[in-house]
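Work through the exercises below with the sequence and coordinates open. Try each task before reading its solution.

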Amino acid sequence: MHTFETIPIDLVEFNPFTKIGKEWGVVTAGTKTKANAMTISWGGVGVLWGKNVVFVFIRDSRYTKEFMDRNEFFSVSFFSKEYRAALNYLGSHSGRDGDKFAESGLTPAYRHSIPYIDEGNFILLCSKLSATRITEDSFLKSNLKEKWYQDGDMHTMYIAEIIDVLAR
Ligand SMILES: Cc1cc2nc3c(=O)[nH]c(=O)nc-3n(C[C@H](O)[C@H](O)[C@H](O)COP(=O)(O)O)c2cc1C
């Protein structure tokens, strides 16, 4: 079990374009009894409703979505490069078909009962504020539907308050 410290959010240096878009993150949701995790490369951080927030986009088909919907909290974990293969695993296998933690070699850990990945080096602990399913009538550019949603597997946008930042 790694030792993390809590960092004041004002001291956080975080480039969302490289961290999320290129290095990828892992969304983990659930309880101590059962949690699930998946890789994400879409999302962001910002300020909304007077709070520091993160937003992630989870398609209907993801098993993780069931855990997102059932629980008030989730986390987004970030990793050093050596975990790239594990992130590929979490992003290409479903928790419906097996134990993704055992198979990827990653370990769920808990802070305030919120699951995150112990091998991460930077963790956002998040409290859900809103969930909005992005439907076809939301699009203002016509190519988005055909490029990303031909199968109708739409994204839900979860906006969540960042309640703690952990680093090691
Ligand atoms: C690099 C990468 C980025 C991904 N980003 C997202 C994302 O932002 N949203 C999403 O719904 N799925 C994304 N996925 C796909 C899920 O991680 C994948 O479908 C996963 O197997 C879902 O697992 P689950 O069924 O256990 O939830 C991504 C996959 C990879 C490899």
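The exercises move from the whole chain to the ligand shell, then to strands and loops. Keep in mind throughout that this is a predicted model.

**Exercise 1. The fold as a whole**

Task: Count the helices and strands of the protein chain, then decide whether its radius of gyration agrees with that of a compact globule.

Solution.
- Step 1. The protein chain holds five helices and 10 strands.
- Step 2. For 168 residues, a compact globule would have a radius of gyration near 15 Å.
- Step 3. The protein chain has 15 Å, so the value agrees with the globule rule.
- Step 4. Along the principal axes, the C-alpha trace spans about 45 × 40 × 30 Å.
- Step 5. Now take burial: 30% of the 168 residues are buried.
- Step 6. Finish with contacts. Of those between residues at least 6 apart in sequence, 71% join residues at least 24 apart.

**Exercise 2. The ligand shell**

Task: Find which elements supply at least two residues each to the shell around the ligand, and sort the shell by class.

Solution.
- Step 1. The ligand is surrounded by 20 residues.
- Step 2. The closest are Tyr63, Thr64, Gly91, Ser94 and Gly95.
- Step 3. Strand S3 (35-40), strand S5 (51-59) and helix H2 (63-70) each supply at least two shell residues.
- Step 4. S3 gives the most, with four residues.
- Step 5. By class, the shell has seven nonpolar, 10 polar and three charged residues.

**Exercise 3. The buried side of H2**

Task: List the buried residues of H2 and work out how they are arranged around its axis.

Solution.
- Step 1. Thr64, Lys65, Phe67 and Met68 are the buried residues of H2.
- Step 2. Viewed down the helix axis, these buried residues fall within an arc of 160°, so they line one face of H2.
- Step 3. Look at what they pack against: strand S2 (25-30), S3, S5, strand S6 (73-78) and strand S10 (155-167).

**Exercise 4. Strand pairing**

Task: For S2 with S3, strand S4 (residues 43-48) with S5, and S5 with S10, give the number of bridges and the direction.

Solution.
- Step 1. S2 and S3 run antiparallel, joined by six bridges. Ala29 stands opposite Asn36 in S3.
- Step 2. The S2 to S3 connection is a hairpin through four residues.
- Step 3. S3 is mostly covered, with five of its six residues buried.
- Step 4. S4 and S5 are also antiparallel, with six bridges between them. Here Val45 faces Val54 in S5.
- Step 5. The hairpin of S4 and S5 has two residues between the strands, and Trp49 there takes a positive phi near 55°.
- Step 6. S5 pairs with S10 through seven bridges, again antiparallel. The bridge partner of Val53 in S10 is Glu161.

**Exercise 5. Positive phi in loops**

Task: Place Trp24 and Ser113 in their loops, and decide whether each is buried, partly exposed or exposed.

Solution.
- Step 1. Recall the background: most residues other than glycine have a negative phi.
- Step 2. Trp24 is not a glycine, yet has a positive phi of about 70°. Its place is the loop between helix H1 (16-19) and S2.
- Step 3. Trp24 has 19 C-beta neighbours inside 10 Å, so it counts as partly exposed. The cut-off for buried is 20 or more.
- Step 4. Ser113 is not a glycine either, and has a positive phi of about 65°. Ser113 lies in the loop between strand S7 (108-111) and strand S8 (114-117).
- Step 5. Ser113 has 10 other C-beta atoms within 10 Å, so it is exposed.

**Exercise 6. Two more loop residues**

Task: Locate Asp97 and Tyr149, classify their exposure, and state one C-alpha separation for each.

Solution.
- Step 1. Asp97 is in the loop between helix H3 (84-90) and helix H4 (100-104).
- Step 2. Its 9 C-beta neighbours inside 10 Å make Asp97 exposed.
- Step 3. Asp97 and Trp42 are 55 residues apart along the chain, and their C-alpha atoms are separated by 24 Å.
- Step 4. Tyr149 is in the loop between helix H5 (143-148) and S10.
- Step 5. With 16 C-beta neighbours inside 10 Å, Tyr149 counts as partly exposed.
- Step 6. Tyr149 and Thr135 are 14 residues apart along the chain, with C-alpha atoms separated by 9.7 Å.

Key: Residues numbered from 1 in each chain as written. Predicted model: local features only at pLDDT ≥ 70, side-chain atom pairs only at ≥ 80, totals over all residues. Rg over C-alpha atoms; globule rule 2.2 N^0.38 Å. Buried ≥ 20, exposed ≤ 12 C-beta atoms within 10 Å, placed from the backbone. Contact = placed C-beta atoms within 7 Å. Near = placed C-beta within 6 Å. Nonpolar A, V, L, I, M, F, W, Y, C, P; charged D, E, K, R; others polar. Arc of directions from axis to C-beta. Pairing = 2+ DSSP bridges.
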